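Please look through the sequence and the three-dimensional picture below before reading on. The paragraphs that follow lead you from one part to the next, and it helps to keep the picture in view.

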Protein chains: 2
Amino acid sequence: MCTSVKNPYLYPMNETAYKNQLIEYIAQRIDISPKEREIIANAYSLKSYKKKQFLFEQGHICDIEAFVVSGTFRIFYVDTKGLEHVLYFAFKDWWAGDIASFNSSEPSGLSAQALENSIALVIDPIKKEELLKQVPALERLFRIITQKHLTVLQKRFLLTVSANAVERYNELIKRSPGIEQLVPQHQIASYLGILPESLSRMKKQLLK
Amino acid sequence: MCTSVKNPYLYPMNETAYKNQLIEYIAQRIDISPKEREIIANAYSLKSYKKKQFLFEQGHICDIEAFVVSGTFRIFYVDTKGLEHVLYFAFKDWWAGDIASFNSSEPSGLSAQALENSIALVIDPIKKEELLKQVPALERLFRIITQKHLTVLQKRFLLTVSANAVERYNELIKRSPGIEQLVPQHQIASYLGILPESLSRMKKQLLK
DNA sequence: AAAAACCCTTAACCTACATCAACGAAAATT
DNA sequence: AATTTTCGTTGATGTAGGTTAAGGGTTTTT
């Protein structure tokens, strides 16, 4: 299904406005010249995703790294028993991708799916390498972003092995208040590493 | 306890040889000039650690990033109940540090302890910033290393939430054969996210 | 408007691993 | 060499969260 870039439903703002959102994000983290802003803006393509549409899919090569400008994606893993595990949610101004597959051209171990109609700026590995050559300051940006992702995942991992589901739930609500309005409850259960039935039971208990 | 740099027991090789080990590691990943090699070698300090000695400690600021040239460290987290959880082991040619604390000067959420007498090349955040300024190509190296760490942790996390202890144990042995000769069994249990008693029982079962 | 798909809840039962306690062997420390 | 600490094992018992099954509500699709 090929949707026009001009479709006002999918793109309530124009392309330049979305790209400025990315430029803003970058400028807050490193210094970039007007010339570099232009190069960056040109390197990314604007794409829209309908609810349930995939950004990339497990088993296929993930040749996309996305900056979410609007909407929400869930990034998840399907295990050998067919169960899904949410690695993280990508909201506005977050990145979504599978670093491993993106950098090695090996099949991705993750899928990313829109939880609602969403818009993202995307780039492929070749364009990204070119971009890094043209704007070397971005090496620093992506190092810092990756470090941040690593520290977040590290905390999450340690919480997962050291705390029970109730504690992990409380931590999530504390860190992301309002997430229960953005994401269906069974997806939250998946993020917490438990079944929807268990989360339902847990929340009932917590009301006492 | 101040140990002399000349102590032949602690340093079977000389300082230059250890630094060359780091330079070799770097040169295999990015291009560096002879001049840059010298700058890098000068930025790091050689330090020795007796068995059980800490490289850095949870609750204190981690102002150390270490490249292990010999020996083994365990990097672990002590939870609110006082239980220890191994995040990873750092062997020869691995890095050990707490990125979050190192970059933010906040108290570390991790400890690193030598499992045997070990030797490492260490750097502090200020020296590292200087080094990155003098050798910008290292931005790329550390971006790539951090990406690698992130993908490894991601796999580990997803395995932890999707597989049981037996499957995680088999995966560890497959990926790191010989680890059982390097690390005591209760540390392996901690890495797997189970108690030593459970691992012992599990291995007995597996023999059938 | 009807049908289908999706989502949440509850209940009975089950299992992987934790907890607690005790023992002997090995290794480190004196 | 003696003492202490560390390490691995085994057994009895407990529990968080998984499993299975079923019901009803809500949203999406036709």
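Which element gives the most to the surface near DNA strand D? In this predicted model, the element in question is α9(B), which contributes six residues. Around DNA strand D there are 16 residues, and those that come nearest are A:N164, A:A165, A:S198, B:Q185 and B:S200. Both protein chains take part, since at least two residues each are supplied by α6 (165-175) and α9 (196-206) of chain A and by α8 (185-192) and α9 (196-206) of chain B. Sorted by class, the residues of this surface are six nonpolar, five polar and five charged.

We can now turn to the other DNA strand. DNA strand C is surrounded by 15 residues, of which A:Q185, A:S200, B:N164, B:A165 and B:S198 are the closest. Two or more residues of the surface near DNA strand C are given by each of α8 (185-192) and α9 of chain A, and likewise by α6 (165-175) and α9 of chain B. Here α9(A) provides the largest share, with five residues, and the surface as a whole divides into six nonpolar, five polar and four charged residues.

How are the two protein chains placed with respect to each other? A turn of 180° with a shift of 0.0 Å along the axis lays chain A on chain B with an RMSD of 0.1 Å. The two copies are therefore related as by a two-fold rotation axis. Within chain A, the C-alpha nearest this axis belongs to A:R143, at 2.1 Å from it. The same surface serves both copies, in that 100% of the contact residues of chain A recur in chain B.

The contact between the chains takes 25 residues from chain A and 25 residues from chain B. On the side of chain A that touches chain B, at least two residues each come from β5 (84-90), α3 (99-104) and α5 (137-162), and α5(A) gives the most, with 16 residues. By class, this side of chain A holds 11 nonpolar, 10 polar and four charged residues.

From the contact we move to the strands within chain A. Four strands of chain A form an open sheet in the order β1-β8-β3-β6, with antiparallel pairing. The edge strands are β1 and β6 (95-96), each of which pairs on one side only. Strand β1 (residues 45-49) is joined to β8(A) by five bridges, and A:S45 is found opposite A:V122 of β8(A). Strand β3 (residues 65-70) also pairs with β8(A) in the antiparallel sense over five bridges, where A:V68 has A:A120 as its bridge partner. Between β3(A) and β6(A) there are two bridges, with A:F67 standing opposite A:W95.

Why is β8(A) described as largely enclosed by the rest of the structure? Strand β8 (residues 118-123) of chain A has six residues and five of them are buried, so the rest of the structure largely encloses it. A residue of this strand also appears in the largest nonpolar core, which has 84 residues: A:L55, A:A120, B:L55 and B:A120 are the members that touch the most other members. In soluble globular proteins, nonpolar side chains tend to be buried together. To take one of these members as an example, B:L55 is in contact with B:Y49, B:I64, B:A66, B:F73, B:A96, B:A112 and B:A120, once its neighbours within four places in sequence are left aside.

A last stop is helix α8(A), in which A:I188, A:A189, A:S190, A:Y191 and A:L192 are buried. The cover over these buried residues includes β5, α6, α7 (179-182) and α9 of chain A. After the helix comes A:G193, whose phi is positive, near 85°.

The covering strand β5 of chain A contains A:V86. Is A:V86 buried or partly exposed? With 19 other C-beta atoms within 10 Å, A:V86 is partly exposed, because a buried residue needs 20 or more. Apart from its neighbours within four places in sequence, A:V86 is in contact with A:R74, A:F76, A:Q187, A:S190 and A:Y191. Although A:V86 and A:I188 are 102 residues apart along the chain, their C-alpha atoms are separated by 8.1 Å.

Terms used
Residues are numbered from 1 along each chain as its sequence is written. Chains are lettered from A and ligands numbered from 1 in the order in which they are written. This is a predicted model: local features need pLDDT of at least 70, side-chain atom pairs count only at pLDDT 80 or more; totals for chains, interfaces and linings use all residues. A residue is near a molecule or strand if its C-beta atom, placed from the backbone, lies within 6 Å of it. Ala, Val, Leu, Ile, Met, Phe, Trp, Tyr, Cys and Pro count as nonpolar, Asp, Glu, Lys and Arg as charged, and the others, Gly among them, as polar. A nonpolar core is a set of buried Ala, Val, Leu, Ile, Met, Phe, Trp, Tyr and Cys residues joined through C-beta atoms within 7 Å. A residue is buried if 20 or more other C-beta atoms lie within 10 Å of its own, exposed if 12 or fewer, and partly exposed in between; C-beta atoms are placed from the backbone. Two residues are in contact if their C-beta atoms, placed from the backbone, lie within 7 Å. Two strands pair if DSSP finds at least two bridges between them. Copies are superposed by least squares on the C-alpha atoms of residues with pLDDT of at least 70 in both.
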